[in-house]
Amino acid sequence: MARETWTDERLDDLKEHMDEGFREVKDEIKSSRIELREEIKFSRAELRGEIKSSRAELKEEIAELRSDMNSRFDRLTASFDRLNYTLIAALLGLLATHYLG
């Protein structure tokens, strides 16, 4: 059966009980907020470390690619040089056989 009248003492007890509950909730929120901030700081530091290592790996890979491309261009240049020498020699041979032959 529900009580139809509330005494001042009973209302004060209820108010105090509710105030204590709110204090507990506030304390939980504060501690959760502190824990969350610490977790964010840790995650931020971890992420920065991963970015630095990824950046270093990427720089290393780019340097390897540049080195590989430079060696390929050097070989290509040497091939074109040999082709030019061959064409010049063939042209000189044709001219020699045409005019001397």
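Which side chain does Lys 15 meet in a salt bridge? In this predicted model, the partner is Asp 19, and the N to O distance between the two side chains is 3.1 Å. Lys 15 and Asp 19 are four residues apart in helix α1, so about one helical turn separates them. As for its surroundings, Asp 19 is partly exposed, because its relative accessible area of 26% falls in the range between 20% and 50%.

That pair belongs to a wider set, since the structure holds four salt bridges. Let me turn to Arg 23, whose side chain meets that of Glu 16 at 3.3 Å, again taken from N to O. Arg 23 counts as partly exposed at 40% relative accessibility, and Glu 16 is likewise partly exposed, at 45%. These two residues do not stand alone, for Glu 16, Glu 20 and Arg 23 are linked in a network of salt bridges.

Further along, Arg 72 forms a salt bridge with Asp 68, with 3.3 Å between the closest N and O atoms. Both residues lie in helix α1, four residues apart, which is about one turn of the helix. Arg 72 has a relative accessible area of 47% and is partly exposed, while Asp 68, at 32%, also counts as partly exposed.

Finally, I would like to move from charged pairs to a nonpolar patch on the surface, formed by Tyr 85, Ile 88, Leu 91, Leu 92, Leu 95, Tyr 99 and Leu 100, which together have about 860 Å² of accessible area. One of these residues, Ile 88, is placed in helix α1, which covers residues 8-100, and Ile 88 is partly exposed, with a relative accessible area of 48%.

Conventions
Residues numbered from 1 in each chain as written. Predicted model: local features only at pLDDT ≥ 70, side-chain atom pairs only at ≥ 80, totals over all residues. Heavy atoms only, no water. Patch = residues over 30% accessible without salt bridge, like charges linked within 9 Å, V, L, I, M, F, W, Y side chains within 5 Å. Areas by Shrake-Rupley, 256 points an atom, 1.4 Å probe, with all protein chains shown as cover. Helix = DSSP H or I, 4+ residues; strand = E, 2+ residues; numbered from the N terminus. Buried < 20%, exposed > 50% of the residue type's maximum accessible area, 1.4 Å probe, protein only.
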